[in-house]
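Colleague: Could you walk me through the charged pairs in this one? I'd like to hear the reasoning behind each label.

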Amino acid sequence: MNSQIDHLVVMASTLDAGVAWCEATLGITPAAGGEHDKYGTHNRLFKIASPKHPLAYFEIIAINPDALAPKGSVARWFDMDDKALQKAVAQAPRLVTFVASTDDIKGARHALRTQEIERGQIVHASRKSNKGTLNWQITVREDGERLFNGCLPTLIQWGKPDASEPLRLHPRNSLPRSGVTLQSIAISHPSGPKLQAAYEAIGLQGIAIATGPANITATLQTPKGLVQLDSLGI
């Protein structure tokens, strides 16, 4: 099985705050995104693809104040209901995790289970775009937890399960060039060896993993020069 970086996830207290942060930090205005009815969130997107990371894009996500709260006991993805995380992003938007695209999400989820890691149920999700309806399968735990302080990526497989061209509507195909490109992602975590084994189990390569304080470092080439984003263990 093969996995690769799909997108970075930056959480903001509001989308307006996320856009202002993006303009000030990266020097660009993100494109329109969409709404996720199941989780009561919405986003803005831009392409950060590079030769090393051809699928990569950037997601700024926030709780949608105009959406209904998730029904029943459904927790929002990416730990977005976590009070400590909400307090942190109220100060400034923050890189909180990343998503890895796989060609076999069931196999990847099983591979993590053999490492005694429960990545969560495979949820079918969709949102409308100007190119049609985007469909994908994504792993989301019932508690919404990211795992390993966000250093273990959420898994995604684009398209419906029987799609003949699963990447046809991938955001990288509809987003214009932004002037921002992903250069690298590096991971630090107290459980570095366990994360290394997990990455190998899902076929995710090209990401440096060190044992140390929890952190995701994403290095981006931008109109403002080289910019480094850190999760800082949140």
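Modeller: Happy to! Arg109, Arg113 and Glu118 are linked in a network of salt bridges. This is a predicted model, where local features need pLDDT of at least 70, side-chain atom pairs count only at pLDDT 80 or more, and totals for chains, interfaces and linings use all residues. Residues are numbered from 1 along each chain as its sequence is written, and side-chain values use heavy atoms, with hydrogens and water left out.

Colleague: What makes glutamate 118 and arginine 109 a salt bridge?

Modeller: The term asks for a side-chain nitrogen of Lys or Arg within 4 Å of a carboxyl oxygen of Asp or Glu. Here the closest N and O atoms are 3.9 Å apart, so the pair qualifies.

Colleague: Why is arginine 109 called buried?

Modeller: Buried means under 20% relative accessible area, exposed means over 50%, and partly exposed lies in between (1.4 Å probe, protein chains only). Arginine 109 has 15%, so it is buried. Its partner glutamate 118 has 30% and is therefore partly exposed.

Colleague: How do you know that arginine 76 forms a salt bridge with aspartate 81?

Modeller: Their closest N and O atoms are 2.7 Å apart, so the rule is met. Arginine 76, at 12%, is buried, whereas aspartate 81, at 31%, counts as partly exposed.

Colleague: And what makes aspartate 143 partly exposed?

Modeller: Its relative accessibility is 41%, so that label fits. Aspartate 143 also meets arginine 141 in a salt bridge, at 3.0 Å from N to O.

Colleague: How many salt bridges does this rule give?

Modeller: The count comes to 6.
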